[in-house]
Amino acid sequence: MPKPSATTPFHLIYGGDPYLNEQTVRDLRHQAQRKHPDAETIELDATNADHYAFDEAVSPSLLSERSIVIVSNLQNADDKLGETMVAYCKQAVNNPAEASIVICQHEGGIKGKRLIDQLTKAGAVKETVADLKKAEAKLNFTIQCFERRNRRIEPMAAQQLVAVLGDKTGELAAMAGQLCFDFDDNPITLERVNQYLTANPQVDGFRVADLALSGRAADAIIAMRASIEQGTAPIALIGALAMKLRTMAKASAVRSGTISEAEAKTNSWVLKNATRQLSGWTSDGMRRCIQMLAWADEQSKTDGSDPVYALERSIELISSKGRTN
């Protein structure tokens, strides 16, 4: 799966598989942040943002001459917001050196198609995302998940992953990452895949953590309860969540220069993935989440306590990036 380019100032990410759509936006955002490290990243939802908010977002501020503006739900933009975006797109394309970077996310379908056409005509780069509806497309995506990490997977093993997780692209990608992290086998075998699909509570913990870190508290709690009903001990899920947070803390320390990548003693791609998830986090938020997980760990070891409730509280806090209000 080719990586998108952030060399143009206005991007349209259109439709396709929701996970791939999100991944494309993330890739573009991170490219833009690397190219313009001093730029402020601003997120707008076209469902409720007006043209004044967009104008303010793309305009120079006291903090930065340019910004990186992520606009979600473009299909819900009203006419005035759409007109303002088209006008800015023309201006940005004509003067890209000084323009803010705009990355728009559209869920697909005919709603908002007129605005898509206007922005494309104005010079925006449109990237249509694959929908992964066909089994062959899902299989190719799975193989590419390993290739992106310079790894290989046996064809039967890839087919097994697709058979079990093919309708859950995010979980499929997460499983590929976890397999690469935990095993040095190259290629990854069917035996390894079956080992993880059937009997590793850390996989469930990884999935719960991924949902929580994406801000999907309700989905994470549902996944957590399902895992416990299937026999996973709460303390195993707490441990997996804590490991994920500790990795993010290491990634934050590496990014700030407090420690080197070698001192982090963590797989380089895992650090990169954790770094991508740091947006919006503060050191205080991270500390509160780690403390909450420590409390949940204590609850899981104390008679008369409720470790499931403690897990729910932890997931809710992680989903809000450690914010308490």
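Where does Pro-187 lie? Select Pro-187 and look at what flanks it. Pro-187 sits in the loop between helix H7 (169-182) and helix H8 (190-199). Keep in mind that this is a predicted model.

**Stop 1: the cis bond**

Stay in this loop. Add Asn-186 to your selection. The peptide bond that joins Asn-186 and Pro-187 is cis. Its omega is about 15 degrees.

**Stop 2: two asparagines with positive phi**

Now select Asn-73. You will find Asn-73 in the loop between strand S3 (67-72) and H3. Its phi is near 55 degrees, a positive value in a residue that is not glycine. Is Asn-73 buried, partly exposed or exposed? Its relative accessibility is 27%, so Asn-73 counts as partly exposed.

Go on to Asn-150. This residue belongs to the loop between helix H5 (135-147) and helix H6 (155-165). Phi of Asn-150 is positive too, near 60 degrees, and again the residue is not glycine. Turn on the surface here. Asn-150 is exposed, because its relative accessible area is 70% and the cut-off for exposed is over 50%.

**Stop 3: helices H3 and H4**

Select residues 79-94 for helix H3 and residues 113-121 for helix H4. The two axes come within 9 Å and cross at roughly 15 degrees. Why do H3 and H4 count as roughly parallel? Angles under 35 degrees count as roughly parallel, so H3 and H4 qualify. Their crossing is right-handed.

Show the side chains next. On H3, the contact uses Gly-82, Met-85, Val-86 and Cys-89. On H4, Leu-115, Gln-118 and Leu-119 take part. Colour these residues by type. You should count 5 nonpolar, 2 polar and no charged residues.

**Stop 4: helices H11 and H15**

Move to another helix pair. Select H11 and H15. Their axes come within 10 Å and cross at roughly 20 degrees. H11 and H15 are therefore roughly parallel to each other. This crossing is left-handed.

Which residues make the contact? From H11 come Pro-234, Leu-237, Ile-238, Leu-241 and Leu-245. From H15 come Pro-307, Leu-311, Ile-315 and Ile-318. Colour by type once more. The contact of H11 with H15 has 9 nonpolar residues, no polar ones and no charged ones.

**Stop 5: the largest nonpolar core**

Keep Leu-241, Ile-315 and Ile-318 selected. Add Met-224 and Trp-281. These five touch the most other members of the largest nonpolar core, which has 32 residues. Which elements give two or more residues to this core? Select them in turn: helix H9 (201-213), helix H10 (217-229), helix H11 (234-256), helix H13 (268-276), helix H14 (283-300) and helix H15 (307-319). H11 gives the most, with 7 residues.

A general point fits here. In soluble globular proteins, nonpolar side chains tend to be buried together.

Now centre the view on Ile-315. Leave aside its neighbours within four places in sequence. Ile-315 is then in contact with Val-208, Ala-212, Ala-217, Ala-220, Ile-221, Met-224 and Leu-241. Another core lies apart from this one. That other core has 30 residues, among them Ala-39, Phe-141, Ile-153 and Leu-179.

**Stop 6: three loops and three distances**

Select Ser-279, in the loop between H13 and H14. Ser-279 has 31% relative accessibility, so it counts as partly exposed. Add Lys-321 and use the distance tool. The two residues are 42 apart along the chain, and their C-alpha atoms are separated by 9.3 Å.

Next, pick Asp-50. It lies in the loop between strand S2 (40-45) and helix H2 (51-58). Asp-50 is partly exposed, with a relative accessible area of 34%. Add Asp-79, which is 29 residues from Asp-50 along the chain. Here the C-alpha atoms are separated by 9.6 Å.

Finish with Gly-109. Its loop runs between strand S4 (101-106) and H4. At 41% relative accessibility, Gly-109 counts as partly exposed. How far apart in space are Gly-109 and Arg-216, C-alpha to C-alpha? They are 24 Å apart, and 107 residues apart in sequence.

Definitions and conventions
Residues numbered from 1 in each chain as written. Predicted model: local features only at pLDDT ≥ 70, side-chain atom pairs only at ≥ 80, totals over all residues. Heavy atoms only, no water. Axes fitted to C-alpha atoms, helices over the stretch in contact; angles between N-to-C directions. Helix = DSSP H or I, 4+ residues; strand = E, 2+ residues; numbered from the N terminus. Parallel < 35°, antiparallel > 145°, perpendicular 65-115°, else oblique. Left-handed = near helix turned anticlockwise from the far one by under 90°. Contact = heavy atoms within 4.5 Å. Nonpolar A, V, L, I, M, F, W, Y, C, P; charged D, E, K, R; others polar. Core = buried A, V, L, I, M, F, W, Y, C linked by side-chain atoms within 4.5 Å. Buried < 20%, exposed > 50% of the residue type's maximum accessible area, 1.4 Å probe, protein only.
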